[in-house]
Amino acid sequence: MSDVAQLKERMKDFWALGDYPAVAKRLMPAAETLVAACGIAVGDRVLDVAAGDGNAAVAAAGTGARVTATDFAPSLLAAGRARTEAQGLDIRWEAADAEALPYADGAFDAVTSVFGLMFAPRPEVAIAEAFRVTAPGGVVGLTAWTPDGFTGQITTLMGEYLPVPLGTDRPIDWGIETTVRRRLAPHSSGLEVTRGHIVWEFPSLPATLAWQEANFGALVAARGMLGDRYAELRERFAGLIAEWNRGEGGAVRLPASYLLVVAHHDR
Ligand SMILES: C[S@@+](CC[C@H](N)C(=O)[O-])C[C@H]1O[C@@H](n2cnc3c(N)ncnc32)[C@H](O)[C@@H]1O
């Protein structure tokens with residue numbers, strides 16, 4: 001197995017840790033914003049890539065689009081299927097690697113990815129795949145955390161403790177506008193890049209850290225892997241929560257910004 005294939009196998013297990021659907025629930029507003037920005041409408045063929053339990057897929061289905069949701073982690077596919085069946089939504093769920101999508105060229109009118117494609121280890125491969133399966137005149141839309149918000153800072157911090165192997169790109173680079181424009185230039189001359197915001201809200205500082213340790217898979221992975229060094233990471237994590245907290249009266253409000261990218265397929 002190649003290094004990249006081995007990395008992906010490890011990442012599938014990693015995304016299954018914690019309670020990702022609990023995290024995803026807080027990201028739904030970004031999915032709704034992205035689907036609206038992409039102009040997805042009734043009858044459109046939509047592919048949600050690295051869908052997790054389906055935030056963008058659910059938002060797109062709400063417009064009357066015909067939606068396929070994909071992810072490479074079996075536990076998230078199962079969670080997504082259960083979620084959308086419970087909501088009575090007709091969404092097709094399929095296992096797929098963002099870097100090797102099992103679809104024909106031009107099979108979709110829109111491809112979305114909410115904080116998903118940014119975690120594929122080879123950005124150029126993943127973005128080329130997204131455009132390959134998009135029909136001429138269609139749109140590729142994605143969101144990615146920026147380095148200068150709470151979640152971006154956390155992503156950077158986790159990267160210090162859970163480093164990806166040599167040769168793979170940092171997920172947070174997808175949140176840098178010049179990098180995004182360079183990566184998308186070969187595929188799209190009509191690119192809209194804007195900023196969106198999520199606020200993570202918790203009742204108190206201790207509740208924030210407890211919630212993160214229970215639900216955030218990267219932190220669960222770190223606790224299992226780092227041994228004594230976990231205490232240092234935990235302290236730095238708590239430090240970022242305190243530094244970014246804009247809440248009052250003991251409550252916690254953590255602002256996180258993201259890039260919202262809508263790229264029109266040139267051909
Ligand atoms: C932060 S979550 C985002 C999930 C979802 N889009 C949402 O809105 O909550 C990142 C997702 O990317 C998926 N993922 C990471 N690398 C992937 C790859 N190479 N192919 C497919 N899915 C991938 C993970 O399994 C996880 O579900």
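Visitor: What share of the contacts in the chain with a separation of 6 or more comes from residues 24 or more positions apart?

Guide: Welcome! One thing to keep in mind first: this is a predicted model. As for your question, residues 24 or more positions apart account for 76% of the contacts with a separation of 6 or more.

Visitor: Which elements of secondary structure make up the chain, and how many of each are there?

Guide: The chain has 11 helices and seven strands.

Visitor: How should I read the radius of gyration of the chain?

Guide: The idea is to set the value beside the one expected for a compact globule with that number of residues. A compact globule of 267 residues would come near 18 Å, and the chain has 18 Å, so the two agree. For the extents, the C-alpha trace spans about 50 × 40 × 35 Å along its principal axes.

Visitor: What about burial and surface: what percentage of the residues is buried, and how much area does the chain expose?

Guide: Of the 267 residues, 52% are buried. The chain exposes about 11600 Å², and 55% of that is supplied by carbon and sulfur atoms.

Visitor: Let's turn to the ligand. How many residues surround the ligand, and which are the closest?

Guide: The shell holds 18 residues, with Tyr-20, Ala-50, Asp-71, Ala-98 and Val-114 the closest. By class, the shell divides into 13 nonpolar, three polar and two charged residues.

Visitor: Which residues place an N or O atom by a nitrogen atom of the ligand?

Guide: It helps to separate backbone from side chain here. On the backbone side, an N or O atom of Ala-50 lies 2.9 Å from a ligand nitrogen, and one of Phe-72 lies 3.4 Å from a ligand nitrogen. From a side chain, an N or O atom of Asp-97 is 3.1 Å from a nitrogen atom of the ligand. As for cover, the ligand taken alone exposes 590 Å², of which the protein buries 98%.

Visitor: Now a single residue. Where is His-265, and is His-265 buried or exposed?

Guide: Look in the segment after β7 (252–264) to find His-265. Buried means under 20% relative accessible area, so His-265, at 13%, counts as buried.

Visitor: What does His-265 touch?

Guide: Leaving aside residues up to four places away in sequence, His-265 touches Phe-131, Thr-134, Ala-135, Pro-136, Gly-137, Gly-138 and His-187. For Thr-134 there is a further detail: its backbone oxygen lies 3.4 Å from a polar atom of the His-265 side chain.

Key:
Residues are numbered from 1 along each chain as its sequence is written. This is a predicted model: local features need pLDDT of at least 70, side-chain atom pairs count only at pLDDT 80 or more; totals for chains, interfaces and linings use all residues. Side-chain values use heavy atoms; hydrogens and water are left out. A residue is near a molecule or strand if one of its heavy atoms lies within 4 Å of it. A polar contact is a pair of N or O atoms within 3.5 Å; within protein, one must be able to donate a hydrogen and the other to accept it, and residues adjacent in sequence count only if both atoms are side-chain atoms. Accessible areas come from the Shrake-Rupley method with a 1.4 Å probe; for residues, only the protein chains shown count as cover. Ala, Val, Leu, Ile, Met, Phe, Trp, Tyr, Cys and Pro count as nonpolar, Asp, Glu, Lys and Arg as charged, and the others, Gly among them, as polar. Helices (H or I, at least four residues) and strands (E, at least two) are DSSP runs, numbered from the N terminus. The radius of gyration is taken over C-alpha atoms; the globule rule is 2.2 Å times the number of residues to the power 0.38. Buried means under 20% relative accessible area, exposed over 50%, partly exposed in between (1.4 Å probe, protein chains only). Contact means heavy atoms within 4.5 Å.
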